[in-house]
Amino acid sequence: MKPNRRKFLQTLAIGSGAMAIGLPGFAKDRALEEEDFYAPGQSAPRFNMCGYAAPKVDKVRIGIIGLGMRGPGAVSRMSFIEGVEIKALCDKLPERASAAQKHLVQKGLPKATEYSGENGWKDMILKEELDLVYICTPWHLHTPMAVFAMENGKHAATEVPAALTIEECWKLVETSEKTRKHCMMLENCCYDFFEMLTLNMVRQGMFGELIHAEGAYIHDLLGLNFNKKGYENMWRLKENIDFNGNLYPTHGLGPIAQCMNINRGDKMDYLVSMSSNDFMMGNEAKEKAKNDPFYNEFVGRNYRGNMNTTTIRTNKGKTLMLQHDVTSPRPYSRIHLLSGTKGFASKWPEPERIAFGEEWLKPEEMKKLYDTYTPELIRHVGEIAKKVGGHGGMDFMMDWRLIDCLRNGLPLDQDVYDAAAWSCIVPLSKKSVSKRSSSIDIPDFTRGGWTGNKPHSLTLQGGGNTKVRSMK
């Protein structure tokens, strides 16, 4: 047995019983340039939302906006959580709101009020007594809807990314601080089983000090993006036009940012981003247009490159690497790689592997890690989450944890600063690519708060009392 592995097994045996779990406002009536936001620390936040515990909400009244791709799943998952009342359902298309009611009827729950049309979401927020607005719409609507919800006294939870511009990132931050309403980005990958295992191992010092981490969103969506019955009005395909950068960074970034204590002891300082040419999307548009004039408008457009690679350096001299490719024919991968002074972890593509030297741990050693370092959240609802579903259960764990925190007045695992920092990679990667991969500063959305902010809790202390309805 090699020394590093022997040391690991000794450490595991000892630790097995020890786990516990100056920025100006937006009053100026002018277009804001990105350079206006590269001045971290000039002024203190109005109110630090990191670690903020909002007043308890015994019954969380929810309005869900967007019932196309992600929304119906959210309705279904939330219908299993006691202490939740789905008060309103909203989609631009009225038939989608009506279809989503089936999840409530099947559970014997009260029907929600239905809203539809271009401005139905505003009517819903203004008319309904809601505690939480849950946003599952196209990307460009995330910030306007979240801001409107917070300004009208509701917490906001939005699918990823939370914002598409630096201005939108700051708008989310300032609104959350001003209203003291949560703005959580629904980064479900932070709740995947291996990602949470490795996060707890990081917290327990098993990897030593992290030096480097990698994440990605590599997913062949070429067919779906060009499918007329996929995304409403082809909105996701259109997001790929005239944009060359990382369109979807947060699935890979969220889990490794938590492991790296970004915004809670360290911060991202600057990035460099590079994209390949487009080798497939333009050709796909041409081929489809040969037989269907519907696709003529997509021919000859400037599509983003197949692969984007973005590297980030932190204030403490650590590095992160992100990749984005949703066109090339290759296996799905989020990468999730952690490299520390004592160990290494990797998953995506599978299998998940961990090493404390030059050799991967054996299956029985991996099982011992899971037995020892699985966080309390997974032990509490992990098996139920697998049955309810949603990306293998991580969606349900995310939703259950959000509701449990709101009901018990606990700080959320992801706050508005995370939403802004993880989302800002979208516009900043584009800017770097456009400048021949020049380094671009990353704003400090905490405005210095990162030096004292504490990592979120991996225990259920103060909560854990939210029950799950029967699955019969």
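**Domain contact and core**

Domain 1 and domain 2 share 4 residue pairs in polar contact, both residues at pLDDT 80 or more. This is a predicted model, where local features need pLDDT of at least 70, side-chain atom pairs count only at pLDDT 80 or more, and totals for chains, interfaces and linings use all residues. Residues are numbered from 1 along each chain as its sequence is written, and side-chain values use heavy atoms, without hydrogens and water.

Q: Which element gives the largest share of the side of domain 1 that touches domain 2?
A: H6 and S6 are the elements that give two or more residues to that side. The largest share is 8 residues, and the element is H6.

Q: How many salt bridges are there between domain 1 and domain 2?
A: A salt bridge needs a side-chain nitrogen of Lys or Arg within 4 Å of a carboxyl oxygen of Asp or Glu. Between domain 1 and domain 2 the count is 2.

Q: Where does the largest nonpolar core lie?
A: A nonpolar core is a set of buried (under 20% relative accessible area, 1.4 Å probe, protein chains only) Ala, Val, Leu, Ile, Met, Phe, Trp, Tyr and Cys residues joined through side-chain atoms within 4.5 Å. This one has 129 residues; Leu89, Tyr134 and Ile354 touch the most other members. Both domains give residues to this core, so it lies between domain 1 (60–185) and domain 2 (189–379 + 411–451).

Q: How many of the 10 residues of helix H5 are buried?
A: Helix H5 spans residues 142–151 and is mostly covered. Its buried residues include His142, Phe148 and Met150. The buried count is 8.

How values were computed: Buried means under 20% relative accessible area, exposed over 50%, partly exposed in between (1.4 Å probe, protein chains only). Helices (H or I, at least four residues) and strands (E, at least two) are DSSP runs, numbered from the N terminus. Domain bounds come from an automatic or database domain assignment. A polar contact is a pair of N or O atoms within 3.5 Å; within protein, one must be able to donate a hydrogen and the other to accept it, and residues adjacent in sequence count only if both atoms are side-chain atoms.
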